[in-house]
Structure formats: structure tokens, C-alpha cells
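Please open the model in a viewer and keep the sequence panel visible. The tour below proceeds selection by selection.

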Amino acid sequence: MKTKRTALKTDLFAQVYHQDKLNHLGDPLQDIAQHIDFDALAQSIASYIDYGDQSKGGRPPYPLDVMVRILVLKHLYNHSDEQMEYQLLDRMSYKRFCGLTDALTVPDRTTIWTFENRLGQAGANQLFQALDSQLNQQGYIARGGQIIDASLIPAPKQKLTKKEKALIKQNAIPADWSPAKRRQKDLDATWTKKHGQSTFGYKLTVNIDNQHKLIRAIHPDTAAPHDTNHFDKVLCANTSQDIYADSGYTGQQREAELKQKQHRVHIQRKGKRNKPLSPAQQKRNNRIAKVRARVEHSFASIAHMGGKCIRTIGQARANFKMAMMALCHNIKRLAWLENQPCKAA
């Protein structure tokens, strides 16, 4: 028995209806667009983008704010350049967010890749600082103390022979490596061991403010250096003198210097062999942990954007990726904070 197939209803204004339905359901990208001044972000990196002499002809570049929006989308959802090009053609919400709804063409994978390389690590850091300025202007001033912690960012493991490892330690490149093979080898990432588990990759040290859980300072590095090496590099202004950190940052000299600068130090204590922590120290550690755990929420937010593993080659690209991770976390966090009932009230 044949079933009767009902024809779909069509309408010239179907796209407008779909957009209205998206607005009713809640488009998270429109929340971001509402609260972030992308024109200001674009202006902050104008000096880092050199398009050359346009008088010689060629296709004109896409507007800078459009490229910044595309860059944010790429790292917010962990897309490759190829996926980003496809999604810009396919997704209505992406087109609307980037202002490409009525555009005849969208940036292709090569355009996106070239823009990232022209921007570089310095440009990504400038975007992060420009967004931080917007946070302060909107009233999200760092209050309640600062929490410092580091997270390992794994990278693809490199398959090297003992001979190749020995040459690399001497800052030499194996003679039988072709230029193409060399480009696929990450010689900057390092190994480290944490909680008995070895990790190959990089490390991101962050400073978040206790009140808003926004990342206020970052310092990317390879995985091998100890966390304590980056403590002073992420200290920043905060209206509270409280500083929270885990036992990896403990040290008499550091605590003395912080107290001399009028900081209230909340760094967890570490037990030693044959000298375990006293009940009072354990109680203090637990009290600090309840506050310090807020930084883990930020790392979890970054992991939700496609995982913390990066698939770039070299420290410069890894640093760029980590800066964009922190930027996208703050963008998501700001949109969430702005949508809270207490904020609207």
C-alpha cells in the first residue's frame, strides 16, 4: 500500500521566519555579538595586519571585523580552516554572526589561514588585552582576589628514533628529513610528568579573578618548566590583595615577598616525607581549595571548546592557540554574565 506524500510548504520569506525562530529559541552567537564590540577588537590589531599595496589590483580584503569574528568562531568551536569555510557556507547562524548573510563569497580556508599567520602571537595577545579593556569598561573589574594555576595542553606525540632525539638535543636536524617532514615535526614541545602520568606538549598558566572567573593574565610555555617559574609573570592588578594558589607554588621566599607587597597569601601547604601536614594545615588547605577550585571551572570551559589538546606545530603557533583559548573563554563568560537575572535587574 502506497502512502500519500504531503508536499512541503514553501515561502519566499522562509529564511526570515527561520531567523525569527532562532531568535526565539536563543542564538548564543547573537548574545556574543550583542555584548562584544568587534569593531574595537578589529581596530586594536589593525597594525598587525599588512595587506600590502592594494593599488596593484587583486581581490580586496574582507573587513577586519569580519575576520576577527571568523577567528573567534574557529577557536570557539575548534574548527579547522577547512571546516570553518564549510560552516560559513552552510550555517545560517555563522553567516549572520559574521555579517555574511548577503555576501556573494565567504573567506576560504587559505584566507583564514593567511589571516591567522599575519596576526601571529603578538596579535592574539593584543586581542586578549583589548577584550580585557572592554570587560573593565562594562564593570567587570577584577575584584575578590586572584587565583593562579597552570594546565597542561597536550600536543600530538612525535615518533623519533634514538638517533634523531640525540641530534635534536644538539639543536641539529637529521639530514634525511625532507622540508615537508620537518614542517610536521614539533621540536618545541616538551615532556613532563604530573601525578605519575607523562604528557607531551605545552603549559598554560592563567590568573583569574575570584569574583567573575574571567581570565585576566596568561603565560604560555612548554610543558617542562615548573609552574613556579610563571607565577610572577601572571600577577596582575586586583582590587583585593588576596592571592590563591595550590601547593605547587609554595615557597618561603615567594610568600615573604608577597606579604611585603601587602598581599594576603593563600597558598596551600605541601607535606614532606616523615613530616605530614598537621590538622590545622589540612583544614587551611581545604579552605583554600574551595576558592581555588574556581580556576578549574575556567579550564573546564576551555576543554568544552573542543578539548585542550592542540594540533599545531611549533611553540609560536601553540602560543597563538592558547591565547585564543583564553580569549574565547572570556567571550563566553561575558555573554553568560550579562544574561544573568541579577545583571538585568
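An angle between helix axes of 65 to 115 degrees counts as roughly perpendicular. This cut-off will be needed at the second stop of the tour, and the model to which it is applied is a predicted one.

**The whole chain.** Begin with the full chain displayed as a cartoon. The chain holds 14 helices and 6 strands, and its C-alpha trace spans about 80 × 65 × 65 Å along the principal axes. Of its 345 residues, 43% count as buried. When a surface is drawn, the accessible area comes to about 20000 Å², and carbon and sulfur atoms contribute 50% of that area. Among contacts with a separation of 6 or more, 67% are made by residues 24 or more positions apart.

**Two packed helices.** Select residues 28-35, which are helix H2, together with residues 315-338, which are helix H13. How are H2 and H13 oriented to each other? Their axes are 9 Å apart and meet at an angle of about 90 degrees; H2 and H13 are therefore roughly perpendicular. Show side chains at the contact: H2 supplies Asp31, Ile32 and His35, while H13 supplies Ile331, Leu334, Ala335 and Glu338.

**A nonpolar surface patch.** Next, select Leu12, Phe13 and Val16. These residues form a nonpolar patch on the surface, and together they present about 390 Å² of accessible area. Val16 belongs to helix H1, residues 14-25. Its relative accessibility is 45%, so Val16 counts as partly exposed.

**Arg96 and its surroundings.** Move to helix H6, residues 92-98, where Arg96 is found. Is Arg96 buried or exposed? Arg96 counts as buried because its relative accessibility is 17%, the limit for buried being under 20%. Which residues should be displayed around Arg96? Apart from neighbours within four places in sequence, Arg96 is in contact with Gln19, Leu22, Asn23, Asp27, Gln30 and Thr101.

**Salt bridges.** The chain has 12 salt bridges. Three pairs and one network are visited here.

Select Glu85 and Arg109 for the opening pair. Their side chains meet in a salt bridge with an N to O distance of 2.8 Å. Glu85 lies in helix H5 (residues 81-90) and Arg109 in helix H7 (residues 109-137), so this pair ties together parts that are 24 residues apart in sequence. Glu85 is buried, at 17% relative accessibility, whereas Arg109 is partly exposed, at 39%.

Select Glu164 and Lys181 next. Here the side chains form a salt bridge of 4.0 Å, N to O. This pair links distant parts of the chain, 17 residues apart: Glu164 is in helix H8 (residues 162-169) and Lys181 in helix H9 (residues 179-183). Glu164 has a relative accessible area of 11% and is buried; Lys181, at 33%, is partly exposed.

Then turn from helices to strands by selecting Arg264 and Asp242. The closest N and O atoms of this salt bridge are 2.9 Å apart. Arg264 is located in strand S6 (residues 264-267) and Asp242 in strand S5 (residues 242-245), with their positions 22 residues apart in a pair that links distant parts of the chain. Arg264 counts as partly exposed at 45% relative accessibility, while Asp242 is buried at 13%.

Finally, select Lys74, Asp81 and Glu116. Salt bridges with shared partners join these residues into one network.

Definitions and conventions: Residues are numbered from 1 along each chain as its sequence is written. This is a predicted model: local features need pLDDT of at least 70, side-chain atom pairs count only at pLDDT 80 or more; totals for chains, interfaces and linings use all residues. Side-chain values use heavy atoms; hydrogens and water are left out. Patches are made of residues with over 30% relative accessible area and no salt bridge: like charges are joined within 9 Å, nonpolar side chains (Val, Leu, Ile, Met, Phe, Trp, Tyr) within 5 Å. Accessible areas come from the Shrake-Rupley method with a 1.4 Å probe; for residues, only the protein chains shown count as cover. Helices (H or I, at least four residues) and strands (E, at least two) are DSSP runs, numbered from the N terminus. Buried means under 20% relative accessible area, exposed over 50%, partly exposed in between (1.4 Å probe, protein chains only). Axes are lines fitted to C-alpha atoms, for helices over the stretch in contact, and angles run from 0 to 180 degrees between N-to-C directions. Angles under 35 degrees count as roughly parallel, over 145 as roughly antiparallel, 65 to 115 as roughly perpendicular and the rest as oblique. Contact means heavy atoms within 4.5 Å.
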